[in-house]
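Visitor: I am new to this structure and would love a close look at one part of it. Could you pick a strand and walk me through its surroundings?

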Amino acid sequence: MNSPLRAAVILFPGSNREGDVARALRQASGEPPAIVWHDDRALPPGTDLVVLPGGFSYGDYLRCGAIAARAHIMDAVRAHAAAGKLVLGICNGFQILCEAGLLPGVLMRNAGRRFVCRMQHLRVENPSTPFARGYVQGQVIKVAIAHGEGNYTVDEAGLAELERSGRVAFRYCDADGALGDGANPNGSMNDIAGVYNETFNVLGLMPHPENLIDPLVGGVDGRGMFHGLSAA
Amino acid sequence: MKARVIVTLKPGVLDPQGKAIEGALRSLGVAGVASVRQGKSFDIELDADSREAAGRKLSEACEKLLANMIVEDYTVEYE
């Protein structure tokens, strides 16, 4: 490792997982991330990774992530992504990335109408990126989910393109890695839990790997993501 | 000028909230409810010289923010 990962976590009004992801980043890289206010115009110089944390930005007004996606800092996040640098959106951050047009599709209300808050298994579909290189293909990991709008929806052509180009990062599965109705918590198309952009430098996912970094809270399967990111 | 923008889910897009409302209406004994789809409406006052000019501004508002065009459609009504 040449220099520690320089990460910036964007704080929107209503974000609430910024502390969790900051802890995960600090544990993995030894450096605390910068916390950047949504109304700022620029990211700290030298930022490698931008994280949009979970929460309920703007109280989910209008649509989840819709207002945050139009915040001033998002122009800088767009430029950061366009330069090929890393952007990670978790839960509400995934919703924001979709609303901002940085990822395809939209997160709709859970098909079962309930907010789901529990542990969930995921199957690693494409670990050949900085986000997932701490895992292996097909690995089953256990992380937390907590969302009411995680039902990933995209048009037919968009879905085919995601599948064809290996842009599905994670899928919901059971403890054995099997896909199917019972293992899908929200009705997402093709059991999709996370997707990459077409250049694989932007990842959005609904589950919370940042909450599974300490044995005290039920597991450490989330560490792989932050160690992978820190190993640049 | 006053306008009402109505945003609705595109046909075929699953609407769990509409389904829940539909079920609640049935359980309240409201007869004859075949289906419910939930949408949003926005009452907007704006400066515009003509309906055409207003229409352009409202289309911009819808496509930039009020509707997610992946899953929603919008219509505009004028007072």
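Guide: Let us begin with a cut-off: a residue is called buried if 20 or more other C-beta atoms lie within 10 Å of its own, exposed if 12 or fewer, and partly exposed in between. Please keep in mind that this is a predicted model. By that cut-off A:Asp191 counts as buried, because it has 22 C-beta neighbours inside 10 Å. A:Asp191 sits in the loop between S9 and strand S10 (192-196) of chain A. Its phi is near 60°, a positive value in a residue other than glycine. That deserves a second glance, since most residues other than glycine have a negative phi.

From this loop we can step along to the part I have chosen, strand S11 (202-205) of chain A. S10(A) pairs with S11(A) in the antiparallel sense, over three bridges. In that pairing, A:Val195 stands opposite A:Gly204 of S11(A). The hairpin formed by S10(A) and S11(A) has five residues between the strands, and one residue there, A:Phe200, takes a positive phi near 60°.

S11(A) has another partner as well. With S4(A) it pairs in the parallel sense, over four bridges. Here A:Val87 stands opposite A:Val202 in S11(A).

Now, which residues lie on the two sides of S11(A)? A:Val202 and A:Gly204 are on one side, with A:Leu203 and A:Leu205 on the other. All four are buried, and both faces of the strand are covered.

S11(A) also helps to cover a helix. Helix H2 (residues 73-82) of chain A has the buried residues A:Ile73, A:Met74, A:Val77, A:His80 and A:Ala81. Viewed down the axis of H2(A), these buried residues fall within an arc of 110°, so they line one face of the helix. What covers them includes S11(A) and its partner strand S4 (86-90), together with strand S1 (7-11), strand S2 (34-37) and strand S3 (49-52) of chain A. Turn the helix around and you meet A:Ala79 and A:Ala82, exposed residues on the face directed away from the buried side. After H2(A) comes A:Gly84, with a positive phi near 85°.

One of the buried residues of the helix, A:Ile73, leads us onward. A:Ile73 is touched by A:Ile10, which also touches A:Val36, A:His38, A:Val50 and A:Leu52, leaving aside residues up to four places away in sequence. A:Ile10 belongs to the largest nonpolar core, which has 74 residues; A:Ile10, A:Leu97 and A:Ala169 are the ones that touch the most other members. A second, separate core has five residues, among them B:Ala3, B:Leu58, B:Cys62 and B:Ala67.

For a view from further off, follow A:Leu203 of S11(A) to A:Ser29. The two are 174 residues apart in sequence, and 19 Å lie between their C-alpha atoms. A:Ser29 is in helix H1 (residues 18-29) of chain A. It counts as buried because 23 C-beta neighbours are inside 10 Å. Leaving out residues up to four places away in sequence, A:Ser29 touches A:Pro4, A:Leu5 and A:Ser230.

Elsewhere in chain A, S9 takes part in a pairing of its own. Strand S6 (residues 116-124) and S9 (residues 168-173) run antiparallel and are joined by four bridges. S6(A) is also joined to strand S7 (residues 140-147), again antiparallel, by eight bridges. A:Leu122 belongs to both pairings: A:Tyr172 stands opposite it in S9(A), while its bridge partner in S7(A) is A:Ile141. In the loop between strand S5 (106-108) and S6 of chain A you will find A:Arg113. A:Arg113 has a positive phi near 70°, and it is partly exposed, with 13 other C-beta atoms within 10 Å.

Finally, let us step back to the chain around our strand. Chain A has five helices and eleven strands, and 54% of its 232 residues are buried. Its radius of gyration is 16 Å, which agrees with the value near 17 Å that a compact globule of 232 residues would have. Along the principal axes, the C-alpha trace spans about 45 × 40 × 35 Å. Of the contacts in chain A between residues at least 6 apart in sequence, 75% join residues at least 24 apart. Where chain A meets chain B, the contact takes twelve residues from chain A and eight from chain B. On the chain A side, these divide into four nonpolar, three polar and five charged residues.

Note on methods:
Residues numbered from 1 in each chain as written. Chains lettered and ligands numbered in written order. Predicted model: local features only at pLDDT ≥ 70, side-chain atom pairs only at ≥ 80, totals over all residues. Rg over C-alpha atoms; globule rule 2.2 N^0.38 Å. Contact = placed C-beta atoms within 7 Å. Nonpolar A, V, L, I, M, F, W, Y, C, P; charged D, E, K, R; others polar. Arc of directions from axis to C-beta. Core = buried A, V, L, I, M, F, W, Y, C linked by C-beta atoms within 7 Å. Pairing = 2+ DSSP bridges.
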